Amino acid sequence: MPRLLPIKYLFTLFLYLVGIDLKAQNKTTNQLLSELKFAKHDTTRCNILNTIVETDADESVWVKYNMEMKALAEQNLKKLGDNDAVLKKVFLKYLSASLNNCGYLSDSKGNTTEAVTYYNQSLDIMLEIGNKEGIATIYNNIGFIYDNQGNVTKALEYYSKSLKIQEQIQNKKGIAQCYNNIASIYEHQSDLNKAIEYYNKSLKLKISINDKLGMATSLNNIGNIFISQQNYNEAFLYLQKSLNLHYQLKNKTGICIALNNLARVNKYQGNLDKALSLCLESYKLSLEIDDKESILSCLNDIGEIYSLKGDYLKAEKYVLQAIEINKKVGYAEAEKNSAMHLYNIYKHKNNNKDALKFYELFIMMRDSINNVETKKASVKSQLKYEYEKKAAADSVKVAEEKKLTTVKLKQEKIQRYFLYGGLFLTLVFGIFMFNRFRITQKQKRVIEEQKLLVEQQKHLVEEKQKEVLDSIHYAKRIQQSLLPTDKYLERILKAKK
């Protein structure tokens with residue numbers, strides 16, 4: 001099971017953040033109301049109204065200003081027509097936001113048909129203007145209606161659509177809400193490990209963006225998981241902090257839910273009087289705000305507590321009220337709980353006929369929410385989402401790899417051009433050098449031929465010279481043979497003396 005954040009650090013952080021920022025929120029709301037009085041343009045007025053609606057958790061406040069925003073947007077759209085596309089898009093966005101808020105309000109009152117109508121009107125506008133954040137929000141809200149009706153397959157389909165868009169636009173608040181809703185489905189199917197995994201994902205994101213209303217919701221949801229695990233001390237800590245946060249935010253719907261869950265903790269611990277007191281307090285507040293889901297939850301829990309106390313008459317009264325109200329809204333989880341409580345009541349009253357009737361209804365509703373096919377559908381939806389997410393990541397990776405490959409191919413192409421250029425220059429240089437070699441060789445042959453000719457001429461000259469010298473020597477010898485010798489002359493001269 002995924003680890004939870006350490007409680008003492010988590011709660012210390014919550015107390016610090018809440019203590020500072022709630023004052024800032026009230027101050028901001030008052031400032032916005034003051035600015036609204038002096039706003040000169042309807043676009044500014046719509047922006048201020050939308051901010052008040054988004055930041056104020058008090059239903060009596062935000063509902064009023066939401067209707068004012070809706071009317072102001074409709075008035076301007078009638079005047080503009082198709083003349084100003086930019087302004088038209090702005091007021092369409094505010095109209096869509098107001099319709100979405102109307103859908104949320106209708107759903108909380110149990111009028112799901114009207115809620116779906118509002119959501120679809122809002123969705124059509126968001127698709128027209130291409131507002132991804134708005135589209136994702138409406139997908140999430142429609143998924144929530146299917147979730148309450150027990151249609152897990154459709155709920156997961158819309159939650160996954162919403163989550164996919166929220167991750168694309170990196171909207172942490174929207175992602176956290178989707179995680180929370182997906183966790184709720186796993187919780188209803190008793191897959192607590194998956195449920196707490198997604199609740200923790202949601203809580204961490206809400207802390208990172210300081211979403212106090214979301215933090216309170218996550219605290220409550222994690223507290224519920226601890227209840228299911230029979231860890232009542234941990235459940236009490238989480239639920240009490242959720243309740244405190246909702247009180248500071250003046251969020252009556254959240255107060256109802258937290259009170260009811262704290263009542264459950266006390267009920268399981270055997271503190272039936274305390275549990276009944278908390279349930280009645282929650283029931284009174286839920287009637288005040290006309291929150292059908294909280295009303296049904298309170299009626300079922302009050303009936304169960306009276307049943308545990310042995311007062312089956314009062315128990316039957318409250319649970320039958322829940323059955324009657326739920327005929328109009330059709331909440332599957334509430335109907336399952338009512339059927340279970342009535343089965344136990346009639347069994348103790350020895351009304352076997354009605355006990356069997358409601359036992360069969362309980363089994364039917366339980367199986368419709370938590371059957372094998374539904375679990376397969378939820379797993380399939382989750383695997384599809386994970387696959388699409390991985391496929392998207394892989395496609396990005398492939399695109400990056402393709403881009404890198406293209407760069408490499410381009411570099412290789414450039415390198416080939418340089419190689420071809422180098423080879424061409426080498427070839428040209430080789431041809432040049434070969435040509436020079438041929439010329440040099442030719443010159444060398446000419447020189448050698450000339451050298452040979454010179455040598456031949458030299459040899460010829462030397463031979464002529466030898467012939468001349470030989471003739472001279474021959475003539476000299478002839479002369480010498482004809483002339484008297486020196487000795488002969490010397491005797492002659494001596495004789496004359």
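**Exercise 1. Confidence along the chain**

Task: Determine where pLDDT stays under 50 in this predicted model, and how many contacts beyond four places in sequence the model has there.

Solution. The stretch in question is residues 1-27, where pLDDT stays under 50. For this stretch the predicted model has 47 contacts beyond four places in sequence. The chain as a whole averages a pLDDT of 81, and 85% of the residues score at least 70.

**Exercise 2. Overall composition**

Task: Describe the secondary structure, burial and contact pattern of the chain.

Solution. Begin with secondary structure: the chain has 19 helices and 0 strands. Next, consider burial: of the 497 residues, 41% are buried. Then turn to contacts with a separation of 6 or more: 60% of them join residues 24 or more positions apart. Finally, the accessible surface amounts to about 29,500 Å², and carbon and sulfur atoms contribute 57% of that area.

**Exercise 3. Helix H13 and its surroundings**

Task: Establish the span of helix H13 and identify which helices its buried residues pack against.

Solution. Helix H13 covers residues 272-289, 18 residues in total. From its first C-alpha to its last, H13 reaches 26 Å, close to the 26 Å expected at 1.5 Å a residue. The buried residues of H13 include Leu-272, Leu-276, Cys-279, Tyr-283 and Ile-289. The partners of the buried residues are helices H3 (59-80), H12 (252-268), H14 (292-308) and H15 (312-329). Just after H13, Asp-290 adopts a positive phi of about 55 degrees.

**Exercise 4. Two salt bridges between distant parts of the chain**

Task: For the salt bridges Glu-304 to Lys-267 and Asp-273 to Lys-309, state which elements are linked and classify each residue by its accessibility.

Solution. In the pair formed by Glu-304 and Lys-267, the N to O distance is 2.6 Å. This pair links distant parts of the chain, with Glu-304 in helix H14 and Lys-267 in helix H12, 37 residues apart. Because its relative accessible area is 18%, Glu-304 is buried; Lys-267, at 7%, is buried as well.

In the pair formed by Asp-273 and Lys-309, the closest N and O atoms are 2.7 Å apart. Here Asp-273 belongs to helix H13 and Lys-309 to the loop between H14 and H15, 36 residues apart. Asp-273 has 56% relative accessibility and therefore counts as exposed, whereas Lys-309, with a relative accessible area of 40%, is partly exposed.

**Exercise 5. A salt bridge within one helix**

Task: Explain why Asp-42 and Arg-45 are separated by about one helical turn.

Solution. The two residues form a salt bridge, with their closest N and O atoms 2.5 Å apart. Both lie in helix H2 (residues 42-55), and they are 3 residues apart, so the separation is about one helical turn. Arg-45 has 24% relative accessibility and so counts as partly exposed. A search of the whole structure finds 13 salt bridges; Lys-154, Glu-157 and Lys-161 are linked in a network of such bridges.

**Exercise 6. A histidine and a nonpolar patch**

Task: Is His-341 buried or exposed, and which residues make the nonpolar surface patch of about 470 Å²?

Solution. His-341 lies in helix H16 (residues 332-348). Its relative accessibility is 7%, so His-341 counts as buried. Leaving aside residues up to four places away in sequence, His-341 touches Asn-300, Glu-304 and Val-319. The patch is made by Tyr-417, Leu-419, Tyr-420 and Leu-423; of these, Tyr-420 lies in helix H18 (residues 372-482).

How values were computed: Residues numbered from 1 in each chain as written. Predicted model: local features only at pLDDT ≥ 70, side-chain atom pairs only at ≥ 80, totals over all residues. Heavy atoms only, no water. Helix = DSSP H or I, 4+ residues; strand = E, 2+ residues; numbered from the N terminus. Expected span 1.5 Å × (residues − 1). Buried < 20%, exposed > 50% of the residue type's maximum accessible area, 1.4 Å probe, protein only. Contact = heavy atoms within 4.5 Å. Areas by Shrake-Rupley, 256 points an atom, 1.4 Å probe, with all protein chains shown as cover. pLDDT = per-residue confidence, 0-100. Patch = residues over 30% accessible without salt bridge, like charges linked within 9 Å, V, L, I, M, F, W, Y side chains within 5 Å. Salt bridge = Lys/Arg side-chain N within 4 Å of Asp/Glu carboxyl O.
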